[in-house]
There are 2 protein chains.
Amino acid sequence: MAQSVLLTGAAGRVGEAILGGLADDHEWRLLDRDPPTDDQPGEFVVADITDEVAVRDAMDDIDVVIHLAGDPRPEAPWDSVLTNNIDGTQKIFDAAVDAGVEKVAFASSNHAVGSYETDERTPELYRTHDDYRLDGTELPRPSNLYGVSKVAGETLGRYYHDEYGISVVCVRIGNLTESHPPIDYERGQAMWLSYRDCAHLFDRCIRADYDYEIVYGISDNDRKYYSIERARDVLDYEPRDNSAHHD
Amino acid sequence: MAQSVLLTGAAGRVGEAILGGLADDHEWRLLDRDPPTDDQPGEFVVADITDEVAVRDAMDDIDVVIHLAGDPRPEAPWDSVLTNNIDGTQKIFDAAVDAGVEKVAFASSNHAVGSYETDERTPELYRTHDDYRLDGTELPRPSNLYGVSKVAGETLGRYYHDEYGISVVCVRIGNLTESHPPIDYERGQAMWLSYRDCAHLFDRCIRADYDYEIVYGISDNDRKYYSIERARDVLDYEPRDNSAHHD
């Protein structure tokens, strides 16, 4: 069944992957600070997510929110992630609960746990024979202030789920590239997420039933140190790509 | 050996407990938004922790920071905890690292995990025969936005430790009362922290060696659903009080 979906940060790369795969599958309301440069598969709202009134208006008649908006730079300064990622995400969850939205899929990041990649573990961690896996039950260890802000978003999701019952899934997105996995970059190959697996994963976030979940968003790479078992079990995520199957 | 300690939020209740027990044991620099109303056991700086310049000045020649300042109200609104607790704590960690401070003890809260107290678990959870224990390895589940802000402070501590090597201990403080444990309040009795155990616990945070730790700050109550084993093991915390030993 087609759902009415609000996609924040629609003009970014993850939004591009999602809309590229799912434009015709749901009723889309797209939101971004930047106006669109070409035709869009739905209503487009130009607004900043820190604009509380605009965010509340955008939630009207929405079933599911996919919240991607925020400063996407791993090296983003504190003031920016405090405002755009932490405060912005609180405003999204708060408005979603008030509007009676059923589910929020929150774009978290591999940077929420980047400091597990210690000097002792790398580069072995990035190789096929290494069986170390992060699975979402480990405590966060962000590798930068951007990662701190993503953990704060996950924690906000936990709170809004526990307090108000809204379904929340946090997707720790790996290394998203459009066609080819990263070249000569073992870490990126291990956490590669193809565009079509990204679209499929967020489709499952729209359709599946869940309470509160943290999952890793990567393709089914031979190299991996993030488990995708939870995404398979809870969301019926069935990735089709694997960074090892590209030259 | 006496340490040079910066105590933020010195005029609050936790500060009162700490200074009541340890006034003569360390060299204190006290910081609070509110000026003191009586004699103090050290230099007193009147400043808000969101004042970056004042915070940086206050770190000069400091060995250890005990960071208590922030909005202490469980019902505090988001805007206040975003500014006072999340942004304020980032400024403390950032300035501490830049000043070469060795250790930061961060006052976290039982509200960081308050949503583990589900309808199914309570009130049994608060009773002596129940052996459910939170021990700091569980994922946070804050019960309010104040709790979210405390988790964000813990996450900032994790990042600043991993990135810069500064020692960080997060103390999830229970129910602190001066003389008598809470009466007719099972939850409060289970997480009671006496003033003298509080002072002793933060003395251990000043003196012990650790990397990054999350510990629970409660007395050795017969009733308890927070483990104090990690505080015993890492900090040599030896509480002397027990809410069961009061009528």
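These are legends for close-up views of a predicted model with chains A and B.

**View 1. Chain A as a whole.** Chain A carries 7 helices and 9 strands. Its C-alpha atoms fit a box of roughly 50 × 35 × 35 Å, taken along the principal axes. For 247 residues, a compact globule would have a radius of gyration near 18 Å, and the 17 Å found for chain A agrees with that. Buried residues account for 51% of the chain. Look at the contacts in chain A between residues at least 6 apart in sequence, and 69% of them turn out to join residues at least 24 apart.

**View 2. The open sheet of chain A.** Here we have 7 strands with parallel pairing, in the order S3-S2-S1-S4-S5-S6-S9. The edges belong to strand S3 (42-46) and strand S9 (212-217), each of which pairs on one side only. On average, neighbouring strands of this sheet are turned by 20° against each other, direction ignored. As for what holds such an arrangement together, strands of a sheet pair through backbone hydrogen bonds, either parallel or antiparallel.

**View 3. Zooming in on S4 and S5 of chain A.** Strand S4 (residues 64-67) and strand S5 (residues 103-109) run in the parallel sense, paired over 4 bridges. If you want a single pair to look for, try Val64(A), whose bridge partner in S5(A) is Lys103(A).

**View 4. The largest nonpolar core.** This core has 147 residues, and those with the most contacts inside it come from both chains: Leu7(A), Ile18(A), Ile66(A), Cys198(A), Leu7(B), Ile18(B) and Cys198(B). Take Ile18(B) as a place to start. Setting aside neighbours within four places in sequence, Ile18(B) is in contact with Leu7(B), Ile66(B), Cys198(B), Ala199(B) and Phe202(B).

**View 5. How the two chains relate.** A rotation of 180° with 0.0 Å of shift along its axis puts chain B on chain A, with an RMSD of 0.0 Å. That is the relation of a two-fold axis. Where they meet, 18 residues of chain B are in contact with 18 residues of chain A. On the chain B side, the elements giving two or more residues are helix H3 (78-99) and H4. H4(B) gives the most, with 8 residues. Since 100% of the interface residues of chain B are also interface residues in chain A, the copies meet through the same surface.

**View 6. Val148(B), a residue with partners in both chains.** Val148(B) sits in helix H4 (residues 145-164) of chain B. Is Val148(B) buried or exposed? Its C-beta atom has 28 others within 10 Å, so Val148(B) is buried. Apart from neighbours within four places in sequence, Val148(B) is in contact with Thr155(A), Leu156(A) and Tyr159(A) from the other chain, plus Pro142(B) from its own. Ser109(B) is 39 residues away from Val148(B) in sequence, with 10.0 Å between their C-alpha atoms.

**View 7. Thr37(B), out on a loop.** Thr37(B) lies in the loop between strand S2 (27-32) and strand S3 (42-46) of chain B. With 7 C-beta neighbours inside 10 Å, Thr37(B) counts as exposed, because the cut-off for that label is 12 or fewer. From Thr37(B) to Ala11(B) the distance is 9.1 Å, C-alpha to C-alpha, and the two are 26 residues apart in sequence.

Definitions and conventions
Residues are numbered from 1 along each chain as its sequence is written. Chains are lettered from A and ligands numbered from 1 in the order in which they are written. This is a predicted model: local features need pLDDT of at least 70, side-chain atom pairs count only at pLDDT 80 or more; totals for chains, interfaces and linings use all residues. The radius of gyration is taken over C-alpha atoms; the globule rule is 2.2 Å times the number of residues to the power 0.38. A residue is buried if 20 or more other C-beta atoms lie within 10 Å of its own, exposed if 12 or fewer, and partly exposed in between; C-beta atoms are placed from the backbone. Two residues are in contact if their C-beta atoms, placed from the backbone, lie within 7 Å. A nonpolar core is a set of buried Ala, Val, Leu, Ile, Met, Phe, Trp, Tyr and Cys residues joined through C-beta atoms within 7 Å. Copies are superposed by least squares on the C-alpha atoms of residues with pLDDT of at least 70 in both. Two strands pair if DSSP finds at least two bridges between them. Axes are lines fitted to C-alpha atoms, for helices over the stretch in contact, and angles run from 0 to 180 degrees between N-to-C directions.
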